[in-house]
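Reader: I'd like to go through this structure with you, a few points at a time. Could you take the cysteines before anything else?

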Amino acid sequence: MWPQRCSRSIWKLPSSKLLRRSKMDLVSSRVHSGGAENLALNERILHLKESGQEVINLSFGQSPFPPMPTAIKALQDNAHVTRYEPVRGTTPLRAAISAFHAAVDCVDVKPDNIIVGPGSKELLFLLMMVFKGDVIVPSPAWVTYSPQALLAGHDPVVMQLKMADEWRVTPEILDETASKCTTENKLLIFCSPDNPTGAGYTKEQLEALRPVILKHNITVVADEIYGFLTYAGDFVSMAKVCPEHTVLSSGISKWASCGGWRLGFHAFPQRLSSLGDAMAAAASHTYTSTSAPVQAAALSLYQDVPAARLYRRHCCRILRAVGQYCLRELQQADLKCVMPKGGYYIFVDFEVVRPGLDKLGMTTCNELFVKIMDDTNVALLAGSPGCLRDQHELSCRLSFTDFNGSDALAASHALPDGANLPEGFVEKYCANTVDGIQRLVKWVGNVTRHV
C-alpha cells in the first residue's frame, strides 16, 4: 500500500495555461504563460513535503551531490566581499574558465571573450534578446528555451527530433528546419548532453552538422552545462568542431552541483564578439554583475582541474549506474526510452498505457501524469507543453536524482577509482529513485493488465 495519495487538484499547474488578461491589459503579449513548469512543479512538491506529504520527485533537474569542499570554503572565506564586480566577471575567473576548457575540452576560449553571469539561464535569455534573426529550438526541449525566445521578441522555429535518431539533431532535420526560417541570421539552441533527453554526440556526428550550419549562416549557442557529466568522459564540444559559429554556454550548476549559487558563462569566438559586446551592455542594465563570493567559489573550482576530474568521475559513475538501472526497469515494462549519454534525464514514451487511458477517458499527456502523481506520488515532467511535444503524445522527462547524493558520493569514494560500482549499490544508496521507478513499473503493469 502506498502512502496517502495527493489530491489531483494539488498537481494541476497554471503554467500550461495562458495568463489571464485583465480588462486593463497590463501584461505584454510576449508573456505567453505562467512560470517555468519545472520550477512551479518543484515548488509545489517542496510545499507538499513541508506539510508532511511523501512525494518522489523525478521531475526536477538538480544535482543530488554536495559541492566540492574547496568551493564551499571559498564561498565562506569571501562572504565579506560585497563590492560590485566587473560586468563581464573577474579577470582571474575568466582566465581560469579559459584554461579549464582548454584542458578538458581542447577548445580555445579567450578570457576577454567570456561573460560571466548569474547562471547560464540568464545569459541565454540575454543572447536571444540581442540576437537579430530567427531562433531555432528543438523538440523535445528544456522548458525555458521557447518561453525565453518569446520573451525576447522571437517567434521560435521548432525543430522536431525523433527517438529513432536517439533524439539527436541530424543534418537532414537541421537543414529542413533552417530552410523554413525567413531571416538571414539564425540562432540554433543546441544542448549536449541534452536536457530533456540525455542525447549526446560523437565528433563525427557534430562534424556532419557543420556544412548545414555554414550553408544557413547559423550561429549555435552550445548549451553544454552537462558536458562535463558525459559518462564515458569523451564529450566533444561544438566549439571545437565549429568554433567560429559557436557561442559556448556552461557554468557550475550541474557538473559542480552548485545550481543555487547561480553562476554561468558564455564564451564567444572573435567572429561573434559583437554579440558578446551587446550582451555585456544588456547585462550592465539588468543584473549588473555576478555575486563576488560566488565568483570566488567558482574560481576555486575552475583552477583545480585534477580535483574537478576526480569529482566528475565519481558523480558520473553513480549517475550512469542509476541511469542504467532506470532504463532497464522501464524498458522491461515496455516503456520506450534511450540510454542517456550524460546528465541525469531520460525521456520516456508511455504509449503502452494508451488503451488503459482511453478506458478512463484520458487522451493527453498532462492527464496521464496527473493520474500517475495521483496514484503513486511520483512526480514526472510532462512532455507537453513545456518540452514542446504534442499534447497527445504520452511522453515525459524523468530526472533520476531524488536520492541522498552525499551518502552515494562518500560510498563511491570508498571504492577503487575507475571500477564499476558493485551490485546493489543503486538500490542501497539511491533508494528513493529506485522506489519511484518501481512504483511507475507497477502502475504501468496494473493499467495494461486491466485493458
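Author: Before the cysteines, one term: a residue is called buried when its relative accessible area is under 20%. Please also keep in mind that this is a predicted model.

Reader: Fine. Is Cys315 buried or exposed, then?

Author: Cys315 has a relative accessible area of 1%, and since buried means under 20%, Cys315 is therefore buried.

Reader: And how many disulfides turn up in the whole structure?

Author: A search of the whole structure gives 0 disulfides. For Cys315, which is in no disulfide, the nearest cysteine sulfur belongs to Cys316 and lies 6.9 Å away, whereas a disulfide needs the two sulfur atoms within 2.5 Å.

Reader: What about Cys337, which cysteine sulfur is nearest to it?

Author: That is the sulfur of Cys326, at 9.0 Å, and Cys337 is likewise in no disulfide. Cys337 is buried, with a relative accessible area of 8%.

Reader: Let's move to the helices. At what angle do α12 and α15 pack?

Author: Helix α12, residues 305–332, packs against helix α15, residues 405–413, at an angle of about 110 degrees, and their axes are 10 Å apart. Because of that angle, α12 counts as roughly perpendicular to α15.

Reader: Which hand does the crossing have?

Author: The crossing in which α12 passes α15 is right-handed.

Reader: Which residues make the contact?

Author: On the α12 side these are Tyr311, His314, Cys315, Arg317 and Ile318, and on the α15 side Ala408, Leu409, Ser412 and His413. Sorted by class, the contact of α12 with α15 has 5 nonpolar, 3 polar and 1 charged residues.

Reader: Different topic: where does Val130 sit, and what does it touch?

Author: Val130 lies in helix α5, which covers residues 120–130. Leaving aside residues up to four places away in sequence, Val130 touches Leu275, Ala278, Met279 and Ala282. Val130 is partly exposed, with a relative accessible area of 23%.

Reader: How far apart are Val130 and Thr70 in space?

Author: Their C-alpha atoms are 36 Å apart in space, and the two residues are 60 residues apart in sequence.

Reader: Last one: where is Ala79, and how far is its C-alpha from that of Pro293?

Author: Ala79 is in the loop between α3 (69–77) and α4 (91–104), and Ala79 is exposed, with a relative accessible area of 52%. The C-alpha atoms of Ala79 and Pro293 are 5.5 Å apart, although 214 residues separate them along the chain.

Note on methods:
Residues numbered from 1 in each chain as written. Predicted model: local features only at pLDDT ≥ 70, side-chain atom pairs only at ≥ 80, totals over all residues. Heavy atoms only, no water. Buried < 20%, exposed > 50% of the residue type's maximum accessible area, 1.4 Å probe, protein only. Axes fitted to C-alpha atoms, helices over the stretch in contact; angles between N-to-C directions. Helix = DSSP H or I, 4+ residues; strand = E, 2+ residues; numbered from the N terminus. Parallel < 35°, antiparallel > 145°, perpendicular 65-115°, else oblique. Left-handed = near helix turned anticlockwise from the far one by under 90°. Contact = heavy atoms within 4.5 Å. Nonpolar A, V, L, I, M, F, W, Y, C, P; charged D, E, K, R; others polar.
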